[in-house]
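Me: I'd like to learn how to read a structure like this one. Could you walk me through it, one feature at a time?

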Amino acid sequence: MALNGIISSGLTAIQTNSAAMRVTSDNIANINTPGYSRRVAHQQTLAPGGILSGVELAQVQRMANDYVDREVINASGSSARYDVQSSIMDQLNAVLGAPGDGNSIGSRLDAVYASLGQASLDPSSLTARLGTLGQFDSLAQSISGLAGAVTDLRSNADQQVSTVVSQVNTLIKQIVELNPQI
């Protein structure tokens, strides 16, 4: 092997190891970065035409556990879904009201039962019958208001889904545009 071949082989070794050191340096610099995956530089011999002439960087491989990555993605999606469900259920609970607060459906039903009990004691009393009618009217208005609130919640949820789908579509378009550049 001529002196030029030896120098060329040494130069490729220095360049390849320099690139591998950059990969190692990035790994060390990002050790505490959430979501960062360690990378490994793979080297291979450089032998054009069967003549050994040094070493080159074959590839830089991201070391990731596919199972763990998949589980993290699934858990994040489930967590977000449960957060949204919890938010909607909290809004629904606020509309339903607390038991015994006088505005909940349960309280309105209790008032109807009490009014019916009162009217059953004196069925000929116009006041008792009008009171019962008023309680039924109040219950009907509460149910109507609840139906409107549930419709509003459904509409808000549909609007949120539409907004998120638009955002996802925008991000997918950006990824499609970046793929050829990568």
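Reply: Sure, let's start with a word we'll need: a contact means heavy atoms within 4.5 Å. Two bits of housekeeping. This is a predicted model, where local features need pLDDT of at least 70 and side-chain atom pairs count only at pLDDT 80 or more, while totals for chains, interfaces and linings use all residues. Residues are numbered from 1 along each chain as its sequence is written, and side-chain values use heavy atoms, with hydrogens and water left out.

Me: Then which residues does Ser142 touch, not counting residues up to four places away in sequence?

Reply: Ser142 touches Ile105 and Arg108. With Arg108 there is also a side-chain polar contact of 3.1 Å. That term means a pair of N or O atoms within 3.5 Å; within protein, one must be able to donate a hydrogen and the other to accept it, and residues adjacent in sequence count only if both atoms are side-chain atoms.

Me: Is Ser142 buried or exposed?

Reply: The general idea is relative accessible area: buried is under 20%, exposed is over 50%, and partly exposed is in between (1.4 Å probe, protein chains only). Ser142 has 15% relative accessibility, so it counts as buried. Try two others: Ile14 is exposed at 59%, and Ala58 is partly exposed at 39%. Across the protein chain, buried residues make up 13% of the 182 residues.

Me: Where do those three sit in the secondary structure?

Reply: Helices (H or I, at least four residues) and strands (E, at least two) are DSSP runs, numbered from the N terminus. Ile14 is in helix α1, residues 3-29. Ala58 belongs to strand β2, residues 55-62, and Ser142 to helix α4, residues 126-178. Altogether the protein chain has 4 helices and 2 strands, in the order α-β-β-α-α-α along the sequence.

Me: Why is the protein chain called more spread out than a compact globule?

Reply: You compare its radius of gyration, taken over C-alpha atoms, with the globule rule, which is 2.2 Å times the number of residues to the power 0.38. Here the radius is 36 Å, well over the 16 Å the rule gives for 182 residues, so the protein chain is more spread out than a compact globule. The C-alpha atoms fill a box of roughly 125 × 30 × 25 Å along the principal axes.

Me: How many Å separate the C-alpha atoms of Ile14 and Asp152?

Reply: They are 67 Å apart, with their positions 138 residues apart along the chain. Ala58 and Ser87 are 29 residues apart in sequence, and their C-alpha atoms are 50 Å apart in space. Leaving aside neighbours within four places in sequence, Ala58 is in contact with His42, Gln43 and Gln44.
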